[in-house]
Every structure is written in C-alpha cells, then in structure tokens.
Amino acid sequence: MAFCIRAFRKFLPMFDRVLVERLAAETMSKGGIMLPEKAQGKVLQATVVAVGPGSTNQKGYLTPMSVKIGEKVLLPEYGGTKVHLEDKEYFLFRDADILGKYVE
C-alpha cells in the first residue's frame, strides 16, 4: 500500500471517480500453451488504487464510495478513461460503472 500512496500524491480522483489498475492478461493457457496477444482477451478484473471522496446528492449530502483502495473489482467491457502515471497505465471509472467487487 505504501507504493499506492506515494505514487498518487499528485493525482486524486474527483467526486465519484475510481482509479483502477487492470490485472495482467493470461499469457499461458492452463495446459501450458503460450497465447498470442489477440487471443488473450480483455481483462475485466482490476485493483482499486485511488478513490474520490464521493458525490453529493440533491440535498448536498455526501454519498460515500462503494469501493476502497486495494479491493478487486469487475469492470465493464467498454468504458473508462485511460490515464498514464509514472509510466504505468491506469483507468478511471465512475463508482456506479463498476459492476461488482470480489469478496474473499
């Protein structure tokens, strides 16, 4: 977690935005065969690395975020804004766009 805090001192998501890092694509099948890049498919799982404070409702009250830093989430197939920070690729989603989170 110390890396996440240090890496994102200069970038904090606004409102109900969530910054995620997609998990690495599977490069090898279960049988040990190397998969070409086109056959790997899009990775829909990610780790939350930063969250905004939340959005305000019509009465002005803050609606808390539904995810926290470090949680594993399921992303929609399309959407999100690509962000490059410290030579790494991240994606910015709205809290409501995240489909679910994995519970251990």
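The accessible surface of the protein chain comes to about 7700 Å², and carbon and sulfur atoms account for 57% of that area. Please keep in mind as you look around that this is a predicted model. The chain has 104 residues, of which 29% count as buried.

**Overall layout**

The protein chain holds 1 helix and 8 strands. Reading from the N terminus, the order of elements is α-β-β-β-β-β-β-β-β. Contacts often reach far along the sequence: among those between residues at least 6 apart, 64% join residues at least 24 apart.

**The sheet**

An open sheet is built from 6 strands in the order 6-7-1-2-5-8, with antiparallel pairing. Its edges are strand 6 (81–85) and strand 8 (100–101), each of which pairs on one side only. Strand 6 runs antiparallel to strand 7 (residues 88–94), and 5 bridges join the two. If you would like a place to start, look at Lys82, whose bridge partner in strand 7 is Phe91.

**Two nonpolar cores**

In soluble globular proteins, nonpolar side chains tend to be buried together. Here, the largest nonpolar core has 11 residues: Val18, Val20, Ala46, Val48, Met65, Val67, Val73, Leu75, Phe91, Phe93 and Ile98. Strand 1 (17–22), strand 2 (45–51) and strand 7 are the elements that give two or more residues to this core. Apart from it lies another core, and the table puts the two side by side.

| Core | Residues in the core | Members, including |
|---|---|---|
| Largest nonpolar core | 11 residues | Val18, Ala46, Met65 and Ile98 |
| Another core | 7 residues | Leu19, Val49, Leu85 and Tyr90 |

Ile98, one of the members of the largest core, is a handy residue to display with its surroundings. Leaving aside neighbours within four places in sequence, Ile98 is in contact with Val18, Val67, Val73, Leu74, Leu75 and Phe93.

**A closer look at Thr47**

Thr47 sits in strand 2. Is Thr47 buried or exposed? With a relative accessible area of 16%, Thr47 counts as buried, because the cut-off for that label is under 20%. Which side chain makes a polar contact with that of Thr47? The partner is Lys72, and the contact between the two side chains spans 3.2 Å. Not counting residues up to four places away in sequence, Thr47 also touches Leu19, Val20, Glu21, Leu23, Gly70 and Glu71, along with Lys72 itself. Among these neighbours, Val20 belongs to the largest nonpolar core, while Leu19 is part of the other core.

Definitions and conventions
Residues are numbered from 1 along each chain as its sequence is written. This is a predicted model: local features need pLDDT of at least 70, side-chain atom pairs count only at pLDDT 80 or more; totals for chains, interfaces and linings use all residues. Side-chain values use heavy atoms; hydrogens and water are left out. Two strands pair if DSSP finds at least two bridges between them. Helices (H or I, at least four residues) and strands (E, at least two) are DSSP runs, numbered from the N terminus. A nonpolar core is a set of buried Ala, Val, Leu, Ile, Met, Phe, Trp, Tyr and Cys residues joined through side-chain atoms within 4.5 Å. Buried means under 20% relative accessible area, exposed over 50%, partly exposed in between (1.4 Å probe, protein chains only). Contact means heavy atoms within 4.5 Å. Accessible areas come from the Shrake-Rupley method with a 1.4 Å probe; for residues, only the protein chains shown count as cover. A polar contact is a pair of N or O atoms within 3.5 Å; within protein, one must be able to donate a hydrogen and the other to accept it, and residues adjacent in sequence count only if both atoms are side-chain atoms.
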